[in-house]
Amino acid sequence: MLAFFSPARSGKHLPVVVAFFTEICDKFSFPERTMGAQVNAAELLQQALSSNIIPNQEFLLQGSILDSAAENLLHRLRGLCDNVDASPETFSDIEMCFSLKLPTEKTPVMTVRVRRAQDVEAPLQLRYIGQPELGDRTRPTLVRSSLDIACTPHVIDFLTEMGFRLDFEYSTKGYMFRKGRMKITVSKILKNMTEPISQSYLVELSVLAPKGQDAIAEDMRIFAEQLKPLVQLEKIDYKRFAQMP
């Protein structure tokens, strides 16, 4: 499998990641049954990719809001989102970031994340997140490649045996809302599972969609406008943070 990870075939390229995730699917994901015949997850992944129906792009806007104003934002979201009569869904997760480095490379050739729910019984989620696309500057949202699969807990041992190393981990706890295909989360980032790292909440508006559905970005922009002035959701330039001292 390490043959995929050469300087000429960086881990940021989606075909390489698909090959890696197919390997994961064969070993640690959950088989489905279709018309009485067992079909493994790797075959389902390949079929979905060839049909261009798998949601492998993430459209994303991010912002933050102070703790003192968070309750006002939650009230606004209850009114704007689906199921307004129900309480917002809560979540509490631990996210671990693993990277793979080659002896000849200073920077990781591939980075993946493993998310584990703390509040419910659920499979672990293995996720690859690509670099933001360098497209039209007027595009309303950040767009990046994204692949998610559900795995058993043994996937962490598998990543370690593959040469991946744990870079960092953190906990998130907060609320999740839905508006059609859009997902909105308002969450606290915690260290040591209990200690907030700041006095604000992270607010994220995202959609996972197949390629070719760029129109969803405009719907997200319109929704984000309805949250002003409580929170300013925008495209985040991660390269700017890398250049900070």
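Averaged over the protein, this predicted model has a pLDDT of 81, and 74% of the residues score at least 70. Residues 1-13 are another story: the pLDDT there is below 50, though the stretch still has 28 contacts in the model beyond near neighbours in sequence. Residues 32-38 also stay under 50, and for them the model has seven contacts beyond four places in sequence. Where pLDDT is low, the predicted coordinates should not be read in detail, so it pays to look elsewhere for the fold.

Strand E11 (residues 200-209) is a handy place to start. Strand E3 (residues 57-66) runs antiparallel to E11, and ten bridges hook the two together. Within this pairing, glycine 63 sits opposite valine 203 of E11. E11 also pairs with strand E9 (residues 182-191), again antiparallel, this time through five bridges. Here serine 187 faces leucine 202 of E11.

These strands turn up again in the largest nonpolar core, which has 27 residues. E3, E9 and E11 each give two or more residues to this core, and so do helix H3 (67-80) and helix H5 (216-225). The members that touch the most others are Leu73, Leu77, Leu205, Met220, Phe223, Leu227 and Leu233. Take leucine 77: leaving aside residues up to four places away in sequence, its contacts are Phe177, Ile184, Val186, Phe223 and Leu227. There is also a second core, separate from this one, with 19 residues, among them Met96, Val109, Val114 and Cys151.

Technical notes:
Residues numbered from 1 in each chain as written. Predicted model: local features only at pLDDT ≥ 70, side-chain atom pairs only at ≥ 80, totals over all residues. Heavy atoms only, no water. Pairing = 2+ DSSP bridges. Helix = DSSP H or I, 4+ residues; strand = E, 2+ residues; numbered from the N terminus. Core = buried A, V, L, I, M, F, W, Y, C linked by side-chain atoms within 4.5 Å. Buried < 20%, exposed > 50% of the residue type's maximum accessible area, 1.4 Å probe, protein only. Contact = heavy atoms within 4.5 Å. pLDDT = per-residue confidence, 0-100.
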